[in-house]
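Q: Please take a close look at one helix of this protein, and explain carefully how its residues are placed relative to the rest of the chain.

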Amino acid sequence: MAVTLIGLAAITAILRVRAHRAIVMGLALGGALVAALAHGLPRAAMTVGTVIMLGGIAAATLLPQLRNDGGRR
């Protein structure tokens, strides 16, 4: 899970996907947090990793759509 999160952060940064730096940093820091928790609290590590991954994916897909909308509803 940690490698996946850090890998997603790296791929997002390299490909310059329309994502904020906060998304990239969140994924990278989440991967580090999962790695830190993995030995002592594996269930907590998987839970944290899953939440961070889903949040990053949601943010990366929703933010460009909100920008294109211009804030109009």
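**A closer look at α2**

A: In this predicted model, the buried residues of α2 (buried meaning under 20% relative accessible area, exposed over 50%, and partly exposed in between, with a 1.4 Å probe and protein chains only) are Ile23, Val24, Leu27, Gly30, Gly31 and Val34. They cover an arc of only 130 degrees around the axis, taken from the directions from the helix axis to the C-beta atoms, which puts them on the same side of α2. On the other side of α2, Arg21, Ala22, Leu29 and Ala36 are exposed.

Residues are numbered from 1 along each chain as its sequence is written. Because the model is predicted, local features need pLDDT of at least 70 and side-chain atom pairs count only at pLDDT 80 or more, while totals for chains, interfaces and linings use all residues, and side-chain values use heavy atoms, leaving out hydrogens and water.

The protein has 3 helices and 0 strands (DSSP runs numbered from the N terminus, helices being H or I of at least four residues and strands E of at least two). The largest nonpolar core, a set of buried Ala, Val, Leu, Ile, Met, Phe, Trp, Tyr and Cys residues joined through side-chain atoms within 4.5 Å, has 9 residues, including Ile23, Val24, Leu27 and Val34. α1 (2-15), α2 (21-38) and α3 (42-69) each supply at least two residues of this core, and the largest share, 4 residues, comes from α2. Leaving aside its neighbours within four places in sequence, Ala9 is in contact (heavy atoms within 4.5 Å) with Val24, Leu27 and Ala28.
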